[in-house]
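Grab a pencil and work through these exercises with the model open beside you. Try each task on your own before you read its solution.

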Amino acid sequence: MELLSALSLGELALSFSRVPLFPVFDLSYFIVSILYLKYEPGAVELSRRHPIASWLCAMLHCFGSYILADLLLGEPLIDYFSNNSSILLASAVWYLIFFCPMDLFYKCVCFLPVKLIFVAMKEVVRVRKIAVGIHHAHHHYHHGWFVMIATGWVKGSGVALMSNFEQLLRGVWKPETNEILHMSFPTKASLYGAILFTLQQTRWLPVSKASLIFIFTMFMVSCKVFLTATHSHSSPFDALEGYICPVLFGSACGGDHHHDNHGGSHSGGGPGAQHSAMPAKSKEELSEGSRKKKAKKAD
């Protein structure tokens, strides 16, 4: 706190935590979320054949974290859909991304400098949602640390955690893509952030909420913008986990990422598989040749 005061960041952090998210930051969140939906295989074809299913998938991408958090806290799952302004804004973004003539809107928001701005603003929303989720859970469970952590986690990465359900709406079933098994950087960061905000909420972390929101947001924005700009699927936590996990769990954690899973699924056609298949094939050829030789001798 003394360092923040010396750098005059205390007032900046307080002002930053009071910046309203609607409509500018929420708009960026919706744009990036629905962009990721359009990147999914078959999403464009689904929007043409089944637009209602595509719209529901888009709403899950935009509001899945709220739905999952309400499920954990025993509140009405459809409660957030009473926010007409957000629903209409997200629906407008979905329509423009999927149905704008000549894909003009999609091409504009996919232009890398513009996309990086939207990605940065989405992380601002993510961190604020984690903080709000933990504050909300604290009102229901004052001493429920795990409840607060779980609520903050799903608030920050609920869309990814619901990815299998969202895939079912698109007619896809890929249980091997479970986010729990292959955690992406935002999911891991949301979990670690939920732990930090829970410690702050329960007064175990001696830092103000505004300062923690500011510091963690800067971390998330820096990492996510860099990963997006470099088209990288790695995580800044990989190096730290590489040292800690073998000590605690006897093996490296997080080494099997979601993007590596596709490579693993094609391992059947890799060099190792070719080497394993070649001896079997050569044995069959040898046995076939030996049978022919015996047949010739018998003749």
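**Exercise 1.** Find out what covers the buried residues of helix 6.

*Solution.* Keep in mind that you're looking at a predicted model.
- Step 1: Locate helix 6, which runs over residues 84-99. Its 16 residues reach 22 Å from the first C-alpha to the last, close to the 22 Å expected at 1.5 Å a residue.
- Step 2: Pick out its buried residues, the ones under 20% relative accessible area. They are Ser86, Ile87, Ala90, Ser91, Val93, Trp94, Ile97 and Phe98.
- Step 3: Check where these point. They cover an arc of only 160° around the axis, so they lie on the same side of helix 6.
- Step 4: See what packs over them. The cover includes helix 3 (24-39), helix 4 (43-49), helix 5 (51-73) and helix 7 (104-110).
- Step 5: Now flip to the face turned away from the buried side, and you'll meet the exposed residues Asn84 and Leu88.

**Exercise 2.** Work out which helix gives the largest share of the nonpolar patch.

*Solution.*
- Step 1: Mark the patch members on the surface: Ile52, Leu56, Phe165, Leu168, Leu169 and Trp173. Together they have about 620 Å² of accessible area.
- Step 2: Look for helices that supply at least two of them; helix 5 and helix 10 (163-169) each do.
- Step 3: Helix 10 takes the prize, with 3 residues.

**Exercise 3.** Is Leu168 buried or partly exposed?

*Solution.*
- Step 1: Find Leu168 in helix 10.
- Step 2: Read off its relative accessible area, 48%.
- Step 3: Buried means under 20% and exposed means over 50%, so Leu168, at 48%, counts as partly exposed.

Definitions and conventions
Residues numbered from 1 in each chain as written. Predicted model: local features only at pLDDT ≥ 70, side-chain atom pairs only at ≥ 80, totals over all residues. Heavy atoms only, no water. Helix = DSSP H or I, 4+ residues; strand = E, 2+ residues; numbered from the N terminus. Expected span 1.5 Å × (residues − 1). Buried < 20%, exposed > 50% of the residue type's maximum accessible area, 1.4 Å probe, protein only. Arc of directions from axis to C-beta. Contact = heavy atoms within 4.5 Å. Patch = residues over 30% accessible without salt bridge, like charges linked within 9 Å, V, L, I, M, F, W, Y side chains within 5 Å. Areas by Shrake-Rupley, 256 points an atom, 1.4 Å probe, with all protein chains shown as cover. Salt bridge = Lys/Arg side-chain N within 4 Å of Asp/Glu carboxyl O.
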